[in-house]
Amino acid sequence: MKKLIIVFCCIAFAKASLAQESVVYSFPAIHNIEASYLYGAILEHNPDIAHLISDHPTGVMLRYNRKTFGENQWESRYGYPDWGFSGIYQDMKNRYLGEAYGAYGHYNFYFLNRNLNLSIGTGLAWMTKPFDPVTNARNNAYGSRLTSSTYLLTNYKRENLYKGIGLQAGFTIVHYSNANVKAPNNSTNSWLFTAGLNYTLNNDKTPIYKRWEKTSYKENIRFNAVARFGVNESDVRGSGQYPFYTFSFYMDKRIGFKSSLHAGTELMISEFLREYRDYQANSFPDSGINGDENFQRVGVFLGHELHLGKTSVITQVGYYMYRPINFEKSIYNRMGLQRRFNDNLFASLSLKSHGAAAEGVSLGIGYRL
């Protein structure tokens, strides 16, 4: 009987401990919204857009943030970031550039007792006055109405100062580019100061952040195959839009919870290079291009993958081992996002460029062995 009593007490104590644990680590849905005014300048990153910088652009930024408290291990490793959605309206203060309306997904990372946050957002923007050879020929920044857009934001933010209301101020850089989907594509970068209000919903809740134990994490070398595709145009206006395909094969080595290293090779089939080759051969006989060159390229690359749960940020630097057509530089880079569906299958969205000159944005599907 005594043994039964002891066993019963142990079971009761274990259940009470589990119940207490579930109470300690509750993860309520706490949301925060922001509204900020924007004022700044367009940076002259390229002398070809100097005529488009005529005044100080203004705008409004709206952001929704969902807070994390360590429900997943990666949240604890990165200091409990927010994720959310944002929108930007920007008046470029130039009659040729018009206005921009952008929609983004973003992450906020916190520093200095969670008063300073660094945010990165990526998405799409709608331009009201893109290039038109007849009505708007001076806009050599945006060749299409729909562009990709990215912003970096640094904010000093105080939340819940009075009944959920807080303040924030900082600065942001907003980039608009169509990734050479259609020429011209000189793009713009705006440096903008921000100031505004924020409001925290469910501000009466005080959740406890769950701290995961930091343990070493490694994996054996794995092999990956990725097929990427997209549409782009050369820098020659009116040369036409053509599909491109990239087939990448690489190995990755997980060196920690946050990072993996890449090394591989890839075949690039870019149809726009065939049109570019023929144009150069016919229009500029002294350019060194005779029209018989192969328009395919082969590269090798090294890269890094930053893991944020099932989402990761990839950065790669490559070198063309085979490049019959002398187009741009021999070194290229790729940046993008990947999302894992399971242990093997993943999708990607990435931008390939030569320095600051974009070549194309691509969608990809990959398999990891």
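**Surface patch, nonpolar cores and domains**

In this predicted model, Ile 33 is placed in strand 1. With a relative accessible area of 40%, Ile 33 is partly exposed, because this value falls between the 20% under which a residue counts as buried and the 50% over which a residue counts as exposed. Ile 33 also takes part in a nonpolar surface patch of about 740 Å², which it makes together with Leu 161, Tyr 162, Ile 165, Leu 167, Leu 197, Tyr 199 and Leu 201. Two or more residues of the nonpolar patch come from each of strand 6, strand 7 and strand 8, the last of these running over residues 188–200.

The interior was examined next. The largest nonpolar core consists of 20 residues, and those that make the most contacts inside it are Ile 88, Leu 97, Tyr 142, Tyr 151, Val 174 and Tyr 176. At least two residues of this core are supplied by each of strand 1 (31–43), strand 4 (99–111), strand 5 (116–127), strand 6 (146–162) and strand 7 (165–177). Strand 6 and strand 7 therefore appear both among the elements that supply this core and among those that give residues to the nonpolar surface patch, as defined by the strand numbering from the N terminus. When residues up to four places away in sequence are not counted, Ile 88 touches Leu 38, Val 60, Met 61, Ala 100, Tyr 101, Gly 102, Tyr 104, Tyr 151, Val 174 and Tyr 176. Another core, of nine residues, lies apart from the largest one, and its members include Leu 273, Ala 281, Ile 289 and Phe 295.

At the level of the whole protein chain, the assignment gives two parts, domain 1 covering residues 26–205 and domain 2 covering residues 220–368. The C-alpha centres of domain 1 and domain 2 are 27 Å apart, and the contact between them involves 17 residues from domain 1 and 21 residues from domain 2. The secondary structure of the protein chain amounts to three helices and 16 strands, while the C-alpha trace spans about 100 × 50 × 25 Å along its principal axes.

Of the 369 residues in the protein chain, 44% count as buried. The area that the protein chain exposes comes to about 19500 Å², of which 62% is supplied by carbon and sulfur atoms. Finally, among contacts between residues at least 6 apart in sequence, 61% join residues that are at least 24 apart.

Methods. Residues numbered from 1 in each chain as written. Predicted model: local features only at pLDDT ≥ 70, side-chain atom pairs only at ≥ 80, totals over all residues. Heavy atoms only, no water. Core = buried A, V, L, I, M, F, W, Y, C linked by side-chain atoms within 4.5 Å. Buried < 20%, exposed > 50% of the residue type's maximum accessible area, 1.4 Å probe, protein only. Helix = DSSP H or I, 4+ residues; strand = E, 2+ residues; numbered from the N terminus. Contact = heavy atoms within 4.5 Å. Patch = residues over 30% accessible without salt bridge, like charges linked within 9 Å, V, L, I, M, F, W, Y side chains within 5 Å. Areas by Shrake-Rupley, 256 points an atom, 1.4 Å probe, with all protein chains shown as cover. Salt bridge = Lys/Arg side-chain N within 4 Å of Asp/Glu carboxyl O. Domains from an automatic or database assignment.
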